[in-house]
Amino acid sequence: MVFVPGGSFTMGSDRHYPEEAPAHRVTVDGFVMDRTPVTNAAFRTFVEATGHVTVAETVPRLEDYPGALAHMLAAGSLVFTPPAAVADLRDCGQWWRFTFGASWRKPYGPGSTIDGLDDHPVVHVAYDDAVAYAAWAGKSLPTEAEWEFAARGGLDGTEFAWGDELMPGGRAVANTWQGEFPTENLALDGFERTSPVRAFPPNGYGLHDMIGNVWEWTEDFWSSRHAVPAKACCVPQNPRGGPEGGSYDPSQPEIRIPRKVLKGGSHLCAPNYCRRYRPAARHPEPVDTSTSHVGFRCIRRPAP
């Protein structure tokens with residue numbers, strides 16, 4: 001782990017997606033943070049020590065998903081499957097497939113394996129899986145503000161965690177998508193999917209993979225915009241997200257599954273789609289959902 005000194009910074013952005021607004025000043029206390037996302041090797045140690053069974057390895061219950069088709073009530077997870085062509089980038093169902101048998105052990109479904117991927121980030125972990133690992137390790141998940149402060153590495157106000165140019169000098173400094181997403185993956189950064197967690201340079205705090213590779217869970221419930229104090233003079237100290245009730249997906253009122261904030265983007269973020277390879281970017285994820293591009297890292301806060 002590495003010490004992140006804390007301080008004040010501008011959280012969010014007014015220049016990109018509406019959910020990142022408004023940009024506002026906040027302050028966070030210092031903490032220590034995992035240098036990298038939790039790896040397959042580290043997660044395996046946790047599972048062997050505790051017998052933990054992930055959400056993706058658990059058969060869903062019909063009472064939790066009323067109206068679900070019986071044949072869909074099987075253990076599995078969402079796997080990115082590049083299509084040959086796309087009709088509409090707004091329809092992510094063209095490249096996401098719920099794959100029976102996909103899990104952290106089998107990231108692309110039956111027949112796949114994590115052999116040789118010990119130093120890659122663990123994926124197919126739902127929120128409760130990340131919380132269980134953190135508790136076992138004597139740690140916590142970061143808040144959105146803590147995560148964003150750490151990702152900036154001391155660079156307040158820059159577009160990216162390393163400056164204002166996506167690929168400085170034409171060189172990839174994070175695992176993102178090069179080419180026309182989702183059909184053309186040029187892999188100019190050297191990786192088609194996940195990469196070893198230390199494959200790219202650390203940021204100013206010594207943290208690797210804060211941007212790209214995999215999205216990372218935070219503790220905060222999702223809200224459609226940042227909440228800011230009524231008085232501009234007041235800078236929030238260690239702010240938290242909104243209430244659980246505000247995190248439900250308004251487009252599916254019959255489904256009341258809380259959503260948490262993901263940060264950092266992933267290897268699927270591209271200039272033509274999901275330009276969320278920035279510290280200010282954020283994304284909602286239902287707590288019961290796991291995918292092939294979501295992982296996590298942990299922090300420890302100082303004792304009161």
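## Overall fold

Let's start with how the chain is wired: among its contacts with a separation of 6 or more, 73% are between residues 24 or more positions apart. Keep in mind as you read that this is a predicted model.

The chain contains three helices and eleven strands. Followed along the sequence, they come in the pattern β-β-β-β-α-β-β-α-α-β-β-β-β-β. For 304 residues, a compact globule would have a radius of gyration near 19 Å, and the chain agrees with that, since its own value is 19 Å. The C-alpha trace spans about 55 × 45 × 40 Å along its principal axes. Of the 304 residues, 50% count as buried.

## Strands at the start of the chain

Strand 1 (2-4) belongs to an open sheet of three strands, with the order 1-4-11 and antiparallel pairing. Strand 1 and strand 11 are the edge strands, each pairing on one side only. Three bridges connect strand 1 with strand 4 (residues 31-33), and these two run antiparallel. If you want a place to look, find Val4, which stands opposite Phe31 in strand 4. Helix 3 lies across strand 1, strand 4 and strand 11, and runs at about 70° to strand 4.

Another antiparallel pairing joins strand 2 (residues 7-11) to strand 3, this time through five bridges. Here Ser8 has Thr27 of strand 3 as its bridge partner. Strand 3 (residues 24-28) is mostly covered, with four of its five residues buried.

## Aromatic pairs and a cluster

There are 21 aromatic pairs in the structure. One of them joins Phe80 and Phe181: the ring centres are 5.7 Å apart and the planes meet at 25°, so this pair is stacked. Phe80 comes from strand 5 (residues 76-80), while Phe181 sits in the loop between helix 3 (144-152) and strand 7 (215-221), so the pair ties together parts that are 101 residues apart in sequence. Both Phe80 and Phe181 are buried.

Tyr133 and Phe296 are arranged in another way: with centres 5.4 Å apart and planes at 75°, the pair is edge-to-face. This pair also links distant parts of the chain, because Tyr133 is in helix 2 (residues 127-136) and Phe296 is in the loop between strand 10 (294-295) and strand 11 (299-300), 163 residues apart. Tyr133 is buried, as is Phe296. The two also belong to one aromatic cluster, together with Phe43, Phe46, Trp104 and Trp136.

## Charges over rings

Two basic side chains are worth a look here. Lys260 places its charged end over the ring of Phe221, 3.6 Å from the ring centre. Arg282 does likewise with Trp222, its charged end sitting over the ring at 4.3 Å from the centre.

## A look at Thr99

Is Thr99 buried or exposed? Its relative accessibility is 18%, and buried means under 20%, so Thr99 counts as buried. This residue lies in strand 6 (residues 96-100).

What does Thr99 touch, leaving out residues up to four places away in sequence? On one side of the sequence, the partners are Ala75, Gly76, Ser77 and Val79. Tyr108, Gly109 and Pro110 complete the list. Gly76 and Val79 fall within strand 5 (residues 76-80), the strand that also holds Phe80.

Key. Residues are numbered from 1 along each chain as its sequence is written. This is a predicted model: local features need pLDDT of at least 70, side-chain atom pairs count only at pLDDT 80 or more; totals for chains, interfaces and linings use all residues. Side-chain values use heavy atoms; hydrogens and water are left out. Rings of Phe, Tyr and Trp (its six-membered ring) pair if their centres lie within 6.5 Å; planes under 30 degrees apart count as stacked, over 60 as edge-to-face and the rest as tilted. Buried means under 20% relative accessible area, exposed over 50%, partly exposed in between (1.4 Å probe, protein chains only). A charge sits over a ring if NZ of Lys or CZ of Arg is within 6 Å of the ring centre and within 35 degrees of the ring normal. Two strands pair if DSSP finds at least two bridges between them. Contact means heavy atoms within 4.5 Å. Axes are lines fitted to C-alpha atoms, for helices over the stretch in contact, and angles run from 0 to 180 degrees between N-to-C directions. The radius of gyration is taken over C-alpha atoms; the globule rule is 2.2 Å times the number of residues to the power 0.38.
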